[in-house]
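Visitor: Please take a close look at one part of this model. I would like the surroundings described as well, in one connected account.

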Amino acid sequence: MAQRLLGKEVTAALNEKIKGQVAQLKEKGINPTLGIVRVGEREDDLSYERGATKRCETLGVGVKKFLLPADVTQEELMKTIQAVNEDDEVNGCLIFRPLPKHLDENAVIKALAPEKDVDGITDGSMTGVFAGKAQGFPPCTPQACMEILDHYGIDCTGKKAVVVGRSLVVGKPAAMMLIKKNATVTICHTKTVDMPSVVKEADIVIVAAGRAGVVDDTYVSEGQVVIDVGINVNEEGKLCGDVNFDKVEPIVKAITPVPGGVGSVTTSVLVGHVVEAAMRKYM
């Protein structure tokens, strides 16, 4: 039976660190605050918003919401982003994406002040990730993967790592962050030939394929550490990952469950970025 890499243990450790930083800021009269920009009322956005709001409240971080209708104009949305940039109370901003199709998402991303980009969406933050510099903030989900590896003492130095998925949200930044940890990294994607044989050779596997249960027992081998980023709903209406947990768990050394793995850590990483943004500005 594989070791279960539980997100709650990682989250608890992160939360203690965040609470200490919040206390330092509040001693100086600074109340770190997350700004949330939401267009429309997509259920997945609302769910994440509830989780982020609750986590902020638990850790003593304020939340300021900028809520817009689904038919908002580009001009009005850009004015809202400008208001966020100019609001000294807001230390970091979360913009829910994808935006409705009539809006220019790239223009919105470019308009956000880089120092308030706590979700790693601006070019400045991406440059920091790919150049290995402390610039901006990395996307929260791949950083959550790194936090799990660190918490459980999984050394990446000299290890073979495979990332399944090449998005800018998870796959590519995760690969860069693994390289920074001195792993030798391969990225797999839909055009990879004989993907199971490539994944089998890895010591560490991060799966962000966007397809429920795509990685099964034919992809894995003994001794591997598997981080499952996927969040899907199966035919029975239950949450599941991109890894077929029941088939993979008996084979590998360690694995994150879904739910209970990466997702809960991601929310604390987001709040931690808000607090760090405030510390960079005021401390």
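Guide: Leucine 239 is partly exposed in this predicted model, because its relative accessible area of 45% falls between the 20% limit for buried and the 50% limit for exposed. Leucine 239 belongs to strand E10, residues 239–240. Together with Ile231 and Val233, Leu239 makes up a nonpolar patch on the surface, and the accessible area of the three together is about 310 Å².

Strand E8, residues 225–228, gives another picture: Val225, Val226, Ile227 and Asp228 are all buried. Val225 and Ile227 point one way from the strand, while Val226 and Asp228 point the other way. In a regular strand, side chains alternate between the two faces of the sheet.

E8 has parallel pairings with two strands. With strand E7, residues 204–207, the pairing has 4 bridges, and isoleucine 206 stands opposite isoleucine 227 of E8. With strand E11, residues 254–255, E8 shares 2 bridges; here valine 225 has alanine 254 as its bridge partner.

Ile206 and Ile227 also appear in the largest nonpolar core, where they are listed with Leu149 and Leu178 as the residues with the most contacts inside it. This core has 52 residues, and helix H10, residues 262–282, supplies the largest share of the core, 10 residues. Beyond its neighbours within four places in sequence, leucine 178 is in contact with Ile206 and Leu149, and also with Met146, Cys156, Ala161, Val163, Ala183 and Val185. Another core, of 18 residues, lies apart from the largest one and includes Val164, Cys188, Val199 and Ala202. In soluble globular proteins, nonpolar side chains tend to be buried together.

Technical notes
Residues are numbered from 1 along each chain as its sequence is written. This is a predicted model: local features need pLDDT of at least 70, side-chain atom pairs count only at pLDDT 80 or more; totals for chains, interfaces and linings use all residues. Side-chain values use heavy atoms; hydrogens and water are left out. A nonpolar core is a set of buried Ala, Val, Leu, Ile, Met, Phe, Trp, Tyr and Cys residues joined through side-chain atoms within 4.5 Å. Buried means under 20% relative accessible area, exposed over 50%, partly exposed in between (1.4 Å probe, protein chains only). Contact means heavy atoms within 4.5 Å. Two strands pair if DSSP finds at least two bridges between them. Patches are made of residues with over 30% relative accessible area and no salt bridge: like charges are joined within 9 Å, nonpolar side chains (Val, Leu, Ile, Met, Phe, Trp, Tyr) within 5 Å. Accessible areas come from the Shrake-Rupley method with a 1.4 Å probe; for residues, only the protein chains shown count as cover. A salt bridge is a side-chain nitrogen of Lys or Arg within 4 Å of a carboxyl oxygen of Asp or Glu.
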